[in-house]
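Reader: I have the sequence and the model open side by side. Please take me closely through a single part of it, and keep it brisk.

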Amino acid sequence: MRSRAATSLEFPESLLGVPWVEGGRDCRPLVGGADCLGIVLAGLRALGYKVRDPWDEIEERWKLGRNQVEAWMPTDWRLVDKDREDVHVGDVLILNHGQHCVLVVPGQRVLGGREKSGSYLAQLRHVLPFAQGAWRLRA
């Protein structure tokens, strides 16, 4: 569900400098703190998507033993075959066997968060081959 396109020339750079905080959702650079999902959610919102935090649903499914990404992703997301379809700005890539996620952003880049360095940008071409899946919000 997208409400408006991002028009800020500062995006996604405006989300750089966010320190890593496990479970964090405060994406203010230098003073806040977020994990990779928090960074991805903030990026989606900056792109104009109305998105809820799916962590409680994901965690519940994970605890039930559904350890495959396809089993614990919320129903308002759909799997994109990254080998047959182009990934788009706003898609979320799942990495490290479901332990990490990044957001595809303009300029063929991804936005994510790391434990040691906080939020970061990387080239999509360097990350895509390692993604176990790509997910897109259903329209």
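Author: Start with a charge and a ring. In this predicted model, the charged end of Arg 114 sits over the ring of Tyr 120. The distance to the ring centre is 3.7 Å. Aromatic pairs are another matter: the structure holds zero of them.

Now the sheet. Six strands form it, and it is open. Their order is 3-8-4-5-6-7, with antiparallel pairing. Strand 3 and strand 7 (118-123) are the edges, each pairing on one side only. Neighbouring strands are turned by 30 degrees against each other on average, direction ignored. In general, strands of a sheet pair through backbone hydrogen bonds.

Strand 8 is the part to look at closely. What does strand 8 pair with? Four bridges join strand 3 (residues 77-80) to strand 8, and the two run antiparallel. Within that pairing, Trp 77 has Leu 137 as its bridge partner. Val 80 stands opposite Ala 134. Strand 4 is joined to strand 8 by three bridges, again antiparallel. There, Leu 93 stands opposite Ala 134.

Is strand 8 covered or open? Mostly covered: five of its five residues are buried. Gly 133, Trp 135 and Leu 137 point one way. Ala 134 and Arg 136 point the other way. Buried applies to Arg 136 as well.

Next, the packing around the sheet. The largest nonpolar core has 24 residues. Cys 27, Leu 44, Trp 77, Val 92, Cys 101 and Leu 103 touch the most other members. Helix 1 (36-46), strand 4 (92-95), strand 5 (100-105) and strand 8 (133-137) each supply at least two residues of this core. Helix 1 gives the largest share, seven residues. Another core lies apart from it, with 13 residues, including Leu 93, Ala 122, Leu 124 and Ala 131.

Val 92 shows how these pieces meet. Leaving aside neighbours within four places in sequence, Val 92 is in contact with Val 40 and Leu 44. Trp 77 is also among its contacts. So are Cys 101, Val 102 and Leu 103. Gly 133, Ala 134 and Trp 135 complete the list.

Finally, the helix. Helix 1 lies across strand 3, strand 4, strand 5, strand 6 (109-114) and strand 7. Against strand 5, helix 1 runs at about 20 degrees.

Methods. Residues are numbered from 1 along each chain as its sequence is written. This is a predicted model: local features need pLDDT of at least 70, side-chain atom pairs count only at pLDDT 80 or more; totals for chains, interfaces and linings use all residues. Side-chain values use heavy atoms; hydrogens and water are left out. Rings of Phe, Tyr and Trp (its six-membered ring) pair if their centres lie within 6.5 Å; planes under 30 degrees apart count as stacked, over 60 as edge-to-face and the rest as tilted. A charge sits over a ring if NZ of Lys or CZ of Arg is within 6 Å of the ring centre and within 35 degrees of the ring normal. A nonpolar core is a set of buried Ala, Val, Leu, Ile, Met, Phe, Trp, Tyr and Cys residues joined through side-chain atoms within 4.5 Å. Buried means under 20% relative accessible area, exposed over 50%, partly exposed in between (1.4 Å probe, protein chains only). Contact means heavy atoms within 4.5 Å. Two strands pair if DSSP finds at least two bridges between them. Axes are lines fitted to C-alpha atoms, for helices over the stretch in contact, and angles run from 0 to 180 degrees between N-to-C directions.
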